[in-house]
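This briefing covers the surface, fold, strand pairing and internal spaces of one chain. The sequence and the structure come first, and the notes follow by topic.

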Amino acid sequence: PILVTWSPLAGSAAVYDRRSAGTAPTKQAMTTFGFSGLLYESDQVFYDRTPAPRDERLWSQLTGKSLTGAAQTLKRIPFVLTTYGEWLKNHPTTQVLDADPHFLKQGAYYQDGYGNYNVSGVLKFPVDPVWINQDYPLKAQVISVLAGGVWKQYPLAVLSGKSGAP
């Protein structure tokens, strides 16, 4: 019943409860999501793939909020980013699906759909408001933290101590 997402453009992961997108009154119907190919605030947009009748909503990958249709927010599920080795130490019976050999031969698993976007200093996709701090590049990597209903961003350079900025 979970939706695990990764956006290579924003370098962001998010995990949501798919049941929270269900229709009232039970909200237990699990929504199936697909990648729309659209971007919103420089991040991926998902759509509701559930067969008709449906609300045909678009969803923000990063916030879990519906962008169209009835206003709704997916229930966020806490998660941890870790290496596979660390995961396996804590969950030794984990089974993993292997890559499809057909797609491996084509190199499909290694293609970056956004090319060199992340190495360029140019912001090609609109973001509003743009978080600008003269001490950091426009595309500086940040950790976003939700505390007390407010999102705060902390540049990785500051957290790692590799920045001369305050």
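The chain exposes about 11,900 Å², and carbon and sulfur atoms supply 58% of that area. The model is predicted. Of the 166 residues in the chain, 20% are buried.

**Fold and contacts**

- Three helices and eight strands make up the secondary structure of the chain.
- In sequence order the elements run β-β-β-β-β-β-α-α-β-β-α.
- Of the contacts between residues at least 6 apart in sequence, 34% join residues at least 24 apart.

**Three-stranded sheet**

- One open sheet has three strands in the order E1-E2-E6, and the pairing is antiparallel.
- Its edge strands are E1 (2–7) and E6 (75–76), each of which pairs on one side only.
- Strand E2 covers residues 12–17 and pairs with E1 in the antiparallel sense over six bridges.
- Within this part of the chain, Leu3 stands opposite Tyr16 of E2.

**Cavity**

- The search of the whole structure for cavities of 30 Å³ or more finds one.
- The volume of the largest cavity is about 30 Å³.
- Leu3 and Tyr16, which stand opposite each other, are both among the residues that line this cavity.
- The rest of the lining consists of Thr5, Phe33, Phe46, Trp59, Ser60, Gln61 and Leu74.
- Strand E1 and strand E5 (58–60) each supply at least two residues of the cavity lining.
- By residue class, the lining of the largest cavity holds six nonpolar and three polar residues, with no charged ones.

**Second largest pocket**

- The second largest pocket holds about 180 Å³ of space.
- Thr82, Thr83, Tyr84 and Trp87 line the second largest pocket.
- Two of the residues in this pocket lining are nonpolar and two are polar, and no charged residue is present in the lining.

**Points to check in the viewer**

- Which strands lie at the edges of the open sheet? They are E1 and E6.
- Which strands each supply at least two residues of the lining of the largest cavity? These are E1 and E5.
- How many charged residues are in the lining of the second largest pocket? There are no charged residues in that lining.
- How many bridges join E1 and E2? The two strands pair over six bridges.

Notes
Residues numbered from 1 in each chain as written. Predicted model: local features only at pLDDT ≥ 70, side-chain atom pairs only at ≥ 80, totals over all residues. Heavy atoms only, no water. Helix = DSSP H or I, 4+ residues; strand = E, 2+ residues; numbered from the N terminus. Buried < 20%, exposed > 50% of the residue type's maximum accessible area, 1.4 Å probe, protein only. Contact = heavy atoms within 4.5 Å. Areas by Shrake-Rupley, 256 points an atom, 1.4 Å probe, with all protein chains shown as cover. 1 Å grid on protein atoms, 1.4 Å probe; cavity = no way out; pocket = protein on both sides within 12 Å on 5 of 7 lines; lining within 4 Å. Points joined across faces, edges and corners; volume = space filled by probe spheres on them. Nonpolar A, V, L, I, M, F, W, Y, C, P; charged D, E, K, R; others polar. Pairing = 2+ DSSP bridges.
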